[in-house]
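Here are some short exercises to work through with the model open beside you. Try each task before reading its solution.

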Amino acid sequence: MPTLLIVHHTPSPNCQAMFEAAVSGATTPEIENVQVVRRAALSATASDVLAADGYLLATPANLGYMSGALKHFFDQVYYPCLDETRGRPFGYYVHGGNDVTGAVRGIESITTGLGWRRVAEPVTLTGEPDRAGTEACWELGATVAAGLTV
């Protein structure tokens, strides 16, 4: 059974709402035979990454960059997973107060270095997530999970 690893940093109610929507999409009953594993960015390990078939990354934009927690995750798993995970699918979302550009650039740069394959447009939101924003997160989770069944 394929495994989707969701690596997230959810320090705020806005990030929590996006996380819950993405998990709901990834675990929708219409998508069968995909195991969804959730790990906080500070506790996710290289073993988690190696055991998964695809990834969904989630972070706030802090001071113009991804959260320190997600950066720590990447620092811990980059070299141990570099050769083994090339070509694996991923998606991500970013929440910011007013600008997410630096966080997006950082995630794109690191995942390009890892050789991961983005399979959906990222969801980027600023301010409080509205219905369209949470629906986009739901769709992102469902898209990445469903892609593992093909």
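**Exercise 1. Aromatic pairs**

How many aromatic pairs does the structure hold?

Solution. This is a predicted model, and it holds 6 aromatic pairs. Let's take the pair of Phe74 and Trp116 step by step.

- Step 1: the ring centres of Phe74 and Trp116 are 6.5 Å apart and the planes meet at 55 degrees, so this pair is tilted.
- Step 2: Phe74 belongs to helix 3 (residues 68–81), while Trp116 sits in the loop between helix 4 (101–114) and strand 6 (117–118), so the pair ties together parts 42 residues apart in sequence.
- Step 3: both Phe74 and Trp116 are buried.

**Exercise 2. Another partner for Trp116**

Work out how Phe90 and Trp116 are arranged, and whereabouts in the chain they lie.

Solution.

- Step 1: Phe90 and Trp116 form a tilted aromatic pair, with 6.0 Å from centre to centre and 55 degrees between the planes.
- Step 2: Phe90 is in strand 5 (residues 89–96) and Trp116 in the loop between helix 4 and strand 6, so this pair links distant parts of the chain, 26 residues apart.
- Step 3: buried means under 20% relative accessible area. Phe90, at 1%, therefore counts as buried, and Trp116, at 7%, does too.
- Step 4: Tyr55, Phe73, Phe74, Phe90, Tyr92 and Trp116 form one aromatic cluster.

**Exercise 3. Helix 3**

Check the span of helix 3 against the expected value, then find which of its residues are buried.

Solution.

- Step 1: at 1.5 Å a residue, the 14 residues of helix 3 should span 20 Å. The end C-alpha atoms of helix 3 are 19 Å apart, which agrees.
- Step 2: the buried residues of helix 3 include Ala69, Leu70, Phe73, Phe74, Val77 and Cys81.
- Step 3: among the elements that cover these buried residues are strand 1 (3–8), helix 2 (46–51), strand 3 (54–62), strand 4 (65–66) and helix 4.

**Exercise 4. Salt bridges**

Count the salt bridges, then describe the one between Lys71 and Asp75 and the one between Glu135 and Arg131.

Solution.

- Step 1: the count comes to 5 salt bridges.
- Step 2: the side chains of Lys71 and Asp75 meet at 2.5 Å, N to O. Both residues lie in helix 3, 4 residues apart, about one turn of the helix.
- Step 3: Lys71 is partly exposed at 28%, and Asp75 is partly exposed at 46%.
- Step 4: in the salt bridge of Glu135 with Arg131, the closest N and O atoms are 2.7 Å apart. Glu135 is partly exposed at 42%, whereas Arg131 is exposed at 64%.

Technical notes: Residues are numbered from 1 along each chain as its sequence is written. This is a predicted model: local features need pLDDT of at least 70, side-chain atom pairs count only at pLDDT 80 or more; totals for chains, interfaces and linings use all residues. Side-chain values use heavy atoms; hydrogens and water are left out. Rings of Phe, Tyr and Trp (its six-membered ring) pair if their centres lie within 6.5 Å; planes under 30 degrees apart count as stacked, over 60 as edge-to-face and the rest as tilted. Helices (H or I, at least four residues) and strands (E, at least two) are DSSP runs, numbered from the N terminus. Buried means under 20% relative accessible area, exposed over 50%, partly exposed in between (1.4 Å probe, protein chains only). The expected span of a helix is 1.5 Å times one less than its number of residues. Contact means heavy atoms within 4.5 Å. A salt bridge is a side-chain nitrogen of Lys or Arg within 4 Å of a carboxyl oxygen of Asp or Glu.
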